[in-house]
Amino acid sequence: RGRSMATVNPRALTSWVGIARLLAVVLSCLTFSLVASTGHFRGPYGTWCMFTWCFCFAVTLLVLLLELLELYPLLPLSWDDFTSAFSMLAALMVFTSSVVFPATFISSPCSSSLCARQAVATTSSCLCFLAYAVEVSLTRAKPGDISSFLSTVPGLLKVFEAYVACLIFSLLDAYTREPGLMWCVAVYSICFIFTLLIIIFTIGRCLTYIPCSLEKVLVGYNFLALLMYLTATILWPLYSFRGRSRPDPCPADCWWNKSLGVTFLTIFNLIAYLVDLVYSTRMVFFRAP
């Protein structure tokens, strides 16, 4: 009676995608190790950055092991959709950490050994972002290929839209005093929930059970989300800054900076939903014969 042997797939490490993942693992490990050695990562921003690097390191290493041993077909999910969504999410998270960490923890002039380690950690974090960006580029679906939805431009935009909404939630502060601001929060919440459900259902292979034309439903949803974000783009700055001047001093976490951040992130998501609508419409109504 033969003993079952694990299958090893060397291409999981030697392909261009595998090399990009290996670089991401090494660079994320180097980054959080350097930051941990400094001991200066306290507070919400430092905790977020450390979580980002550790989370991306762990999940990317798991992806590499599952592909190396060819165990991923045993998982009850769409592997291509999962890896595409994760690489996009990791690129966004590491990019955010590469901006937030030096802005929060590196002071000028930078001359001490502590600051030097922080600078090297920032550099390795930026290189880690580039590694994930390369992976996204390599795994992105070719025009006309919709076998893996989250690897298409609309699918990658779904991950971007959900992530930007999370950033908006982290900046929300004192919005219950104005009905206009409460409407904006409702817009952010509704669009985030539906976008997240689309991502989860796609990875879990549940969209095939929906008894309607999914592609046309997504086009309709993108159109409604675009209209809702258009109202939020107008109402949020109107009600946030009306009759209120910028405080002096205004530290990084003051209400003015948070409201300004929400304003720009709302505009980013408005543009993302517009591009998403254009691409989704082309995929559904203007397919090549």
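These legends go with an overview and several close-ups of a predicted model.

**View 1. The whole protein is built from helices.** Nine helices and zero strands make up the secondary structure, so to speak an α-α-α-α-α-α-α-α-α run when you read along the sequence. Put a box around the C-alpha atoms along the principal axes and you get roughly 80 × 60 × 35 Å. Of the 289 residues, 42% are buried. The exposed surface comes to about 15,500 Å², and carbon and sulfur atoms supply 71% of that. Among contacts with a separation of 6 or more, 77% link residues 24 or more positions apart.

**View 2. The largest nonpolar core has 39 residues.** The members that touch the most other members are Ile168, Leu172, Tyr188, Cys191, Tyr229, Trp236 and Tyr273. At least two core residues come from each of α4 (79-105), α6 (153-171), α7 (179-203), α8 (214-241) and α9 (255-285). The biggest giver is α7, with ten residues. Since domain 1 (1-145) and domain 2 (152-288) both give residues to this core, it lies between them.

**View 3. Here is Tyr229 with its contacts.** Leaving aside residues up to four places away in sequence, Tyr229 touches Ala165, Ile168, Val187, Tyr188, Cys191, Thr266, Asn269, Leu270 and Tyr273. Several of these turn up in View 2 too, including Ile168, Tyr188, Cys191 and Tyr273.

**View 4. A second core sits separate from the one above.** This one has 14 residues, among them Val59, Ala91, Cys128 and Tyr132.

**View 5. Helix α8 carries a kink.** From first C-alpha to last, the 28 residues of α8 reach 40 Å, close to the 40 Å expected at 1.5 Å a residue. The kink, about 25°, lies at Leu235, shortly before Pro237. Just after α8 comes Gly243, which takes a positive phi of about 70°.

**View 6. Glu70 has a positive phi without being a glycine.** Its phi is near 55°. Look for Glu70 in the loop between α3 (43-68) and α4. With a relative accessibility of 36%, Glu70 counts as partly exposed.

**View 7. Arg205 is another non-glycine residue with a positive phi.** Here phi is about 60°, and the residue sits in the loop between α7 and α8. Is Arg205 buried or exposed? Its relative accessible area is 51%, so Arg205 counts as exposed.

Methods:
Residues numbered from 1 in each chain as written. Predicted model: local features only at pLDDT ≥ 70, side-chain atom pairs only at ≥ 80, totals over all residues. Heavy atoms only, no water. Core = buried A, V, L, I, M, F, W, Y, C linked by side-chain atoms within 4.5 Å. Buried < 20%, exposed > 50% of the residue type's maximum accessible area, 1.4 Å probe, protein only. Helix = DSSP H or I, 4+ residues; strand = E, 2+ residues; numbered from the N terminus. Domains from an automatic or database assignment. Contact = heavy atoms within 4.5 Å. Expected span 1.5 Å × (residues − 1). Bend = angle between axes of the 7 residues up to and from the residue. Areas by Shrake-Rupley, 256 points an atom, 1.4 Å probe, with all protein chains shown as cover.
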